[in-house]
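Welcome! Please take a moment to look over the chains below, and ask yourself how they meet one another.

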Number of protein chains: 4
Amino acid sequence: MEEIKARLANDLYAKHSGMELVSLAAGQASVRMQLQPFHRNGLGGVHGGAIFTLADFAFAAASNSHGPLAVAVNVNITFIKAPKGGVLTAVARELALNPKLGTYTVEVKDEPGDLIAVFQGLAYRKTEPPREPAKR
Amino acid sequence: MEEIKARLANDLYAKHSGMELVSLAAGQASVRMQLQPFHRNGLGGVHGGAIFTLADFAFAAASNSHGPLAVAVNVNITFIKAPKGGVLTAVARELALNPKLGTYTVEVKDEPGDLIAVFQGLAYRKTEPPREPAKR
Amino acid sequence: MEEIKARLANDLYAKHSGMELVSLAAGQASVRMQLQPFHRNGLGGVHGGAIFTLADFAFAAASNSHGPLAVAVNVNITFIKAPKGGVLTAVARELALNPKLGTYTVEVKDEPGDLIAVFQGLAYRKTEPPREPAKR
Amino acid sequence: MEEIKARLANDLYAKHSGMELVSLAAGQASVRMQLQPFHRNGLGGVHGGAIFTLADFAFAAASNSHGPLAVAVNVNITFIKAPKGGVLTAVARELALNPKLGTYTVEVKDEPGDLIAVFQGLAYRKTEPPREPAKR
């Protein structure tokens, strides 16, 4: 878990976008982002790319939490409404895991706790899960 | 078209992420991004959030190109392979348009021209299309 | 609710595919399908189209449960594993609703209760919600 | 190619739904469906599940065209408009292929040739591609 935390701490685009890891456990993660002027789109709203990146950061954390390296292969995101308040939170939860693929859902909420976006992610696990040590 | 260009030039997250509009026409747009260290994820690859944001910027440009304000309601993105070279390009194309919804596909390519990601976006048009002036 | 039940009972492709409505309430629905030989694909497994159609039937029921006519505009489905046993069940739940769009998630489970597929659906509401009667 | 054609001919749900393979080549396929009363939904339109299943059949054909067994892991479909005429056609095209995953796009058109739905599919290849025979 420390190795994956170190990898996430080294995520430069998440850092550039002002995102931080709040919690990490097997198959789940939560992250947050304090809204800043650079998160805005041309209409003054929060940019869909920033909302996606926040959700994706939670997804990356959860899908890598087991050790084997996991990369996103497909994501579907539905944007529900404009956020209120100054903080967005994303919580990722694992729905299913097999040796090569993992399925995750991420909910993004605003400061009052309303659902802003839902995100469904599929991760491909590039390295084999560690084998159990041989019994003696 | 100038009004939408002004709105896109005011997209602070796209600017923060180093993205620029290359071309804009009715129902289509292309954008580009020079890769920089802050686009990297924790593994040193290009961040999925940065690739998404680039494609989303092209989608926003194309879906707003007709005048009425359009917002993203759903996006599906498939990440195909790690990019090579120093520049990513995204080209958005309109597949269908009706008064309230527009459907777009975006292809993201790397510098050698290989397909890196495909993005399918659905936009909701918030304002009614301008009516034709009454005949006299 | 009786009008929507009558409409669902008149769903000929769901009937042709052996699907039946189990329960219906505001924003939620469950449906089931007894597996039959015609549900099989060329490899002898349950066809992805049959799994989709079952989930879509639950989504249609839930999204139409409020009265205004709702049609599917986008669906994302992830197929998790091959089902076991002879019955599939799909449960749809509303995540968000506004005057024009509704967001739903559907879980498809097999007879032992394992998650077989997750489905995220976006519905467009074609008719306006009924107005409240004028106060006197 | 004959083996995959035999497998597709044995697809019982596609047969039950009145779908037929029109053409098959490496990475591409087209299929068609003559509309019948059982394809209707509760409103008298063509059922989204039938449209999905048609597109999925083309996707299955194209993704299995190379030999190794491929199964759908994720599909995104956008429904664009109600079809006209009595025949629907779906054409699948491969966008990318690597040893374990393939990415496909499918267009569904009605008899006048209008785009009815777009489908983006991700297939997982369960068996390894056949190795080239050793040189002598």
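Here is a short tour of two interfaces, the symmetry behind them and one aromatic pair.

Keep in mind that this is a predicted model. Chain A meets chain B through a contact that takes 32 residues from chain B and 32 residues from chain A. Chain A also meets chain D, where the contact takes seven residues from chain D and seven residues from chain A.

**How the copies are related**

- Two copies of a chain are related by a rotation about an axis and a shift along it.
- For chain B, a turn of 180° and a shift of 0.0 Å along the axis lay the chain on chain A, with an RMSD of 0.0 Å. This is the relation of a two-fold axis.
- Which residue of chain B comes closest to the rotation axis? It is Asn76(B), whose C-alpha lies at 2.2 Å.
- Chains B and A use the same surface for their contact, since 100% of the contact residues of chain B recur in chain A.
- Chain D can be superposed on chain A by a rotation of 180° as well, with 0.0 Å of shift along the axis and an RMSD of 0.0 Å.
- Here too the same surface serves both copies: of the contact residues of chain D, 100% recur in chain A.

**Where chain B touches chain A**

- The size of an interface is often given as the accessible area lost when the parts come together.
- Between chain B and chain A, the buried area is about 2700 Å², and carbon and sulfur atoms give 56% of it.
- Three residues, Tyr13(B), His16(B) and His47(B), supply 23% of the area that chain B buries against chain A, which is more than any other three residues.
- How many salt bridges cross this interface? The rule finds zero salt bridges between chain B and chain A.
- Polar contacts do appear, with 25 residue pairs across the interface of chain B and chain A.
- On the chain B side, the elements that give two or more residues are α2, α3 (48-63) and β3 (70-79).
- The largest share of that side comes from β3(B), with eight residues.
- Sorted by class, the side of chain B that touches chain A has 15 nonpolar, 13 polar and four charged residues.

**Where chain D touches chain A**

- Chain D and chain A bury about 620 Å² between them, and 64% of this area is on carbon and sulfur atoms.
- In chain D, the residues that lose the most area to chain A are Asn74(D), Leu101(D) and Tyr124(D), which together make up 52% of what that side buries.
- The count of salt bridges between chain D and chain A is zero, and one residue pair is in polar contact across this interface.
- Two elements of chain D, β3 (70-79) and β6 (115-125), give two or more residues to the side that touches chain A.
- Of the elements on that side, β3(D) gives the most, with three residues.
- By class, the side of chain D that touches chain A has four nonpolar, two polar and one charged residues.

**An aromatic pair between chains**

- A pair of aromatic rings is described by the distance of the centres and the angle of the planes.
- Over all chains, the count comes to 16 aromatic pairs.
- One of them is formed by Tyr13(A) and Tyr13(B): the pair is tilted, with 6.4 Å from centre to centre and 50° between the planes.
- Tyr13(A) lies in helix α2 (residues 12-16) of chain A and Tyr13(B) in helix α2 (residues 12-16) of chain B, so this pair joins two chains.

Conventions: Residues numbered from 1 in each chain as written. Chains lettered and ligands numbered in written order. Predicted model: local features only at pLDDT ≥ 70, side-chain atom pairs only at ≥ 80, totals over all residues. Heavy atoms only, no water. Contact = heavy atoms within 4.5 Å. Buried area = accessible area lost by both parts, 1.4 Å probe. Salt bridge = Lys/Arg side-chain N within 4 Å of Asp/Glu carboxyl O. Polar contact = N/O pair within 3.5 Å; in protein donor to acceptor, adjacent residues only side chain to side chain. Helix = DSSP H or I, 4+ residues; strand = E, 2+ residues; numbered from the N terminus. Nonpolar A, V, L, I, M, F, W, Y, C, P; charged D, E, K, R; others polar. Least-squares fit on C-alpha atoms with pLDDT ≥ 70 in both. Phe/Tyr/Trp six-rings, centres within 6.5 Å; stacked < 30°, edge-to-face > 60°.
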